[in-house]
Amino acid sequence: MARGERKLGEVVDKLDVLVEVRDARAPFSTSSPLMSGKSGLSRLRPVFLVLSKKDLADPDRTGVWLDGLRAGAGYADVKALDLHNDGVGALISTMMKLRPVHRELRVGVVGIPNVGKSMFLNKIVGRSRAKVGGIPGITREVGWYKGNGFLVVDSPGILDPHSGPGVHQVLSWLGCAKADVVGGYENAAVALIRFLMARLLWGKVVDVWSLPDSEDALESVGRRLGCLVAGGVVNRELAARRFLESFASGKLAPVTLELPGDPIHAALNI
Ligand SMILES: Nc1nc2c(ncn2[C@@H]2O[C@H](COP(=O)(O)OP(=O)(O)OP(=O)(O)O)[C@@H](O)[C@H]2O)c(=O)[nH]1
Ligand SMILES: [Mg+2]
């Protein structure tokens, strides 16, 4: 069992509520293994679900996800948020109804790496206390933060060691897992381009980046981004890295990779 998971398991009995953070672009693939694992967290209720990075997702598809998740059993509330810009006042009010009279509300924030757990925590405690960063693995330890009537546990992102290569592929596209687990940047980028083409989402990228028509999409991306070496040859490794970084940080276009009942790793066939 990972160290973070063990530590969380030790404090679970002290928590009043749990917040699971997932990425709105792939709410199925970015679900936390802790919610179904042996850590003991899954028995804790109520659970609030936050779909982060709403600004990077397709708004219509986010609506479909919200309807589906709200209709399903189990969550006290489900919200999609752009954590850079949206307020969390409504969510705070709902959560605060559960506060014991004599002390703060104790909240555990869980999720896989890089989904925005620390950013969400900072929003509800009202201060930028927990470190936030654009690469997975920024939060290394379980830590407590106080503010606004909350006592919140931040936790390191935990991946499911048993999830298959398809899920890892998706997580590498979203910046939640490193590309080396799926054979490096070039493999990950080519797989993402193929996926976007197969799902008719590539056109959005072509529009935003004004890509020329080409047989080799990664080659076009490399030229567009100026990833060239001597003789005007595209450095494919660099092009792949820049492309993946742009996709993960939403610079391409708002894209949602999966819909309820349509987990993409099944479609990836790997
Ligand atoms: N555009 C956008 N970026 C977000 C949003 N939420 C988080 N981010 C970005 O996502 C990255 C990860 O945020 P963190 O709060 O560090 O994520 P974490 O889940 O704590 O990550 P680990 O500690 O590494 O597990 C940062 O670059 C944030 O700026 C959001 O709603 N929209
Ligand atoms: Mg963190």
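This note goes through the ligand sites of a predicted model and one buried acidic residue.

1. Metal site. The magnesium ion (ligand 2) has Ser 118 (OG) and Thr 139 (OG1) as its protein donors, at 2.0 to 2.2 Å. Ser 118 belongs to helix 4 (residues 117-125), while Thr 139 sits in the loop between helix 4 and strand 5 (143-147), so the two donors tie together parts that are 21 residues apart in sequence. Ser 118 and Thr 139 are both buried.

2. Surroundings of ligand 1. There are 23 residues around ligand 1, and those that come nearest are Asp 55, Leu 83, Lys 117, Gly 137 and Ile 138. The space that ligand 1 takes is the largest pocket.

3. Polar contacts of ligand 1. Backbone atoms contribute at two glycines: an N or O atom of Gly 116 is 3.0 Å from an oxygen atom of the ligand, and a polar backbone atom of Gly 133 also lies 3.0 Å from a ligand oxygen. At Ser 118 a polar side-chain atom is involved, 2.9 Å from an oxygen atom of ligand 1. On its own, ligand 1 has 670 Å² of accessible area, of which the protein covers 91%.

4. Shared residue. Ser 118 appears in both sites: it is a donor of the magnesium ion, and its side chain has a polar atom 2.9 Å from an oxygen atom of ligand 1.

5. Asp 23. This residue is in strand 1 (residues 17-23). Asp 23 has a relative accessible area of 0% and is therefore buried. Its side chain makes a polar contact of 2.8 Å with the side chain of Arg 25.

Terms used: Residues are numbered from 1 along each chain as its sequence is written. Chains are lettered from A and ligands numbered from 1 in the order in which they are written. This is a predicted model: local features need pLDDT of at least 70, side-chain atom pairs count only at pLDDT 80 or more; totals for chains, interfaces and linings use all residues. Side-chain values use heavy atoms; hydrogens and water are left out. Donors are N, O and S atoms within 2.8 Å of the metal (3.2 Å for Na, K and Ca); water is not among the atoms, so sites may look incomplete. Helices (H or I, at least four residues) and strands (E, at least two) are DSSP runs, numbered from the N terminus. Buried means under 20% relative accessible area, exposed over 50%, partly exposed in between (1.4 Å probe, protein chains only). A residue is near a molecule or strand if one of its heavy atoms lies within 4 Å of it. A polar contact is a pair of N or O atoms within 3.5 Å; within protein, one must be able to donate a hydrogen and the other to accept it, and residues adjacent in sequence count only if both atoms are side-chain atoms. Accessible areas come from the Shrake-Rupley method with a 1.4 Å probe; for residues, only the protein chains shown count as cover. On a 1 Å grid over the protein atoms alone, a cavity is a set of points where a 1.4 Å probe fits but cannot get out, and a pocket is an open set with protein on both sides within 12 Å along at least five of seven lines; lining residues have an atom within 4 Å of a point. A molecule sits in a cavity or pocket if more than half of its atoms lie within 2 Å of its grid points.
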